[in-house]
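Let's take a walk through a protein together. Keep the picture open and follow along as we go.

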Amino acid sequence: MKPRGVPDVAVDHTMFLPDPWLDRWLPLIRESNADAPVLEIGCGLGDDTLTLAAVGLPVTAFDLSATSVAATRLRVPAAHVECRDLRAPFPVAEATAGTVVASLTLHYFAWAETVELFDRVRRTLRPNGLFLCRLNSTADSNFGASGHPRIEANYHLVDGQPKRFFDEASIDQIFSRGWTVVSREHMVTTKYVKPKALWEIVARRRDELDAADQR
Ligand SMILES: C[S@@+](CC[C@H](N)C(=O)[O-])C[C@H]1O[C@@H](n2cnc3c(N)ncnc32)[C@H](O)[C@@H]1O
């Protein structure tokens, strides 16, 4: 099935089904973001880019794949879309983004690099800015959570590609400092046809450090 608004370009999108996960968060995003930039990390074919831009949010999106970037640019002309690696500096300055969105794109790295990546997302947000992400779950057995060579805990070589899976403890660890978690849910999407277990997290950048943090 072709996703909403995808033009006829040479992209294999036949394996994706609609997954409007962001819709329920749009009122919160619009209310808290105002005119600040929205950064989308790893936009793929632009499903979430389209959802965000369709309600008038100023989206800067990027992806490593030139093909995906081309498709997103055609599909969402209102968005600014770049081809870049998320390990490079983000295309939005520190402390300026009102919202950061990352759906199933933050799972390619070893733990130390993963922690640094989430910290960089936090620093990119302005104070109280909103972060919405979806992360592979350790229960995601249809897409590599079990039966693949281990690199480190919950990090496996899946069909030649390193892939991280998140459990409750790792999510707690990431969001325990500098964030206020608004929502944390374990759920299943059928976007990739087979059921895919994931975590959906919505959190705000928090700057007032606890007394214990300051010591
Ligand atoms: C599972 S797809 C998710 C795409 C989109 N967010 C969605 O939910 O439809 C993961 C995306 O991350 C991109 N990606 C992988 N490694 C990346 C990197 N180092 N920098 C930027 N994007 C990357 C891939 O090209 C792919 O589009």
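Here a residue counts as buried if 20 or more other C-beta atoms lie within 10 Å of its own. One more thing to keep in mind is that this is a predicted model.

With that cut-off in hand, look at helix H2, residues 47-54: seven of its eight residues are buried, so by the count just given the helix is mostly covered. The buried ones are Asp47, Asp48, Thr49, Leu50, Thr51, Leu52 and Ala53. What does the covering? Strand S1 (38-41), strand S2 (59-63), helix H3 (66-75) and strand S4 (97-103) are included in what covers the buried residues of H2. Once you leave H2, you reach Gly56, which has a positive phi, near 90°.

Now hop over to S2. It pairs with strand S3 (residues 80-83) in the parallel sense, over four bridges. For instance, Thr60 has His80 in S3 as its bridge partner. Put H3 into the picture too, and S2, H3 and S3 make up a right-handed β-α-β unit.

Time to zoom out to the sheet. Seven strands form it, in the order S3-S2-S1-S4-S5-S10-S9; the sheet is open and its pairing is mixed. S3 and S9 are at the edges with a single partner strand each, so each has one side left without a neighbour in the sheet. From one strand to the next, the twist averages 15°.

Let's look at the other end of that order. How many of the 10 residues of strand S10 (residues 196-205) are buried? Seven are, so S10 is largely enclosed by the rest of the structure. Strand S5 (residues 125-136) pairs with S10 in the antiparallel sense over seven bridges. Along this pairing, Phe131 stands opposite Ala203, and Asn136 stands opposite Leu198. S10 also pairs with strand S9 (residues 179-189), again in the antiparallel sense, over 10 bridges; there you can find Glu185 opposite Glu200. S9 and S10 form a hairpin with six residues between them, and Val193 in the turn has a positive phi of about 70°. Helix H5 (residues 168-175) lies across S9 and S10, and runs at about 15° to S10.

Last stop, the ligand. There are 16 residues around it, and Gly42, Gly44, Leu64, Leu86 and Ser103 come nearest. What kinds of residues make up this shell? It divides into five nonpolar, six polar and five charged.

Technical notes. Residues numbered from 1 in each chain as written. Predicted model: local features only at pLDDT ≥ 70, side-chain atom pairs only at ≥ 80, totals over all residues. Buried ≥ 20, exposed ≤ 12 C-beta atoms within 10 Å, placed from the backbone. Helix = DSSP H or I, 4+ residues; strand = E, 2+ residues; numbered from the N terminus. Contact = placed C-beta atoms within 7 Å. Pairing = 2+ DSSP bridges. Right-handed = clockwise from strand over helix to strand, strands pointing away. Near = placed C-beta within 6 Å. Nonpolar A, V, L, I, M, F, W, Y, C, P; charged D, E, K, R; others polar. Axes fitted to C-alpha atoms, helices over the stretch in contact; angles between N-to-C directions.
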